[in-house]
Amino acid sequence: LHLALEAHVDPGEEVVFPDPGFVSYDALTRIAGGTPKPVAVRDDLTIDPTAIEEAITEDTAAFVVNSPGNPTGAVSSEDDVREFARIADEHDVLCLSDEVYEHIVFEGEHHSPMAFAESDNVVVVGACSKTYSMTGWRLGWVTASNRRIERMLRVHQYVQACASAPAQFAAEAALTGDQTVVDEMVQTFRERRDLVLDG
């Protein structure tokens, strides 16, 4: 998230993001010298593409979508995700899609705007943190066009430490190993969620 925003947001440019949303969206926008522009989520806690589009101005550098959402857990519909891709294409603005929770879905189905974009205006952020309970390992990645990756590498070489070898080996094992542990973890989370909701 830091690399993507630092590489694409100039001082004074706006970043639109959901509210409530992950606390880092606001902070990382400010670190990049940008202007945070939070947009309220709908009553069902999903991000409204219309609200995002209405918030975009000529000063907007990026908008953030997060599905499944943190802290809400809300999952955007396929139609909404298609709209996020369209907005990025038509307004020529970066859609930063935070998909760190992509495997932890209780209802609905995860979709990525990258699957629908016709331009390279979508950058996807992923991580081992949530899916494999590896938050302390601090290992994530971005998926983007070569042009956008090159911009992020210019920032990376000066502000990010290299991922440690143990973390990289652990991530390789997590990503290529037996995925039933993920299903078991999601089921446990679902049971806990249901217990709270029933209460």
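How many residues does helix α5 have, and how far does α5 reach from its first C-alpha to its last? Let's start there and then move on to a buried asparagine and two pockets. The model is a predicted one.

## Helix α5

Helix α5 spans residues 146-159, which gives 14 residues. From its first C-alpha to its last, α5 reaches 20 Å, close to the 20 Å expected at 1.5 Å a residue.

Three names are worth picking out on this helix: Arg148, Met152 and Val155 are its buried residues. Their cover includes one helix, α1 (2-8), along with the strands β4 (94-98), β5 (122-127) and β6 (140-143).

## Asn66 in strand β3

Next, have a look at strand β3, which runs over residues 60-66 and holds Asn66. Is Asn66 buried or exposed? Its relative accessibility is 5%, and because buried means under 20%, Asn66 counts as buried.

The side chain of Asn66 has two partners to look for. With the side chain of Tyr25, it makes a polar contact of 3.4 Å. The Asn66 side chain also reaches the backbone nitrogen of Asn70, at 2.7 Å.

Which residues does Asn66 touch, once neighbours within four places in sequence are left aside? They are Tyr25, Ile47, Ala74 and Asp98. Tyr25, then, appears both as a contact of Asn66 and as its partner in the 3.4 Å polar contact.

## The largest pocket

Now for the empty space. The largest pocket holds about 950 Å³. Its lining is made of 34 residues, and those closest to the centre are Leu1, Arg138, Leu139, Gly140 and Trp141. Two or more lining residues come from each of α1, α2 (24-31), β5, β6 and α5.

Helix α5 returns here: with four residues, α5 gives the largest share of this lining. Sorted by class, the lining has 21 nonpolar residues, ten polar ones and three charged ones.

## The second largest pocket

The second largest pocket has a volume of about 400 Å³. Lining this pocket are 15 residues, with Thr72, Gly73, Ala74, Phe106 and Arg193 nearest its centre. You have met one of these names already, as Ala74 is also in contact with Asn66.

What classes make up this lining? Nine of its residues are nonpolar, four are polar and two are charged.

Terms used. Residues numbered from 1 in each chain as written. Predicted model: local features only at pLDDT ≥ 70, side-chain atom pairs only at ≥ 80, totals over all residues. Heavy atoms only, no water. Buried < 20%, exposed > 50% of the residue type's maximum accessible area, 1.4 Å probe, protein only. Polar contact = N/O pair within 3.5 Å; in protein donor to acceptor, adjacent residues only side chain to side chain. Contact = heavy atoms within 4.5 Å. Expected span 1.5 Å × (residues − 1). 1 Å grid on protein atoms, 1.4 Å probe; cavity = no way out; pocket = protein on both sides within 12 Å on 5 of 7 lines; lining within 4 Å. Points joined across faces, edges and corners; volume = space filled by probe spheres on them. Nonpolar A, V, L, I, M, F, W, Y, C, P; charged D, E, K, R; others polar.
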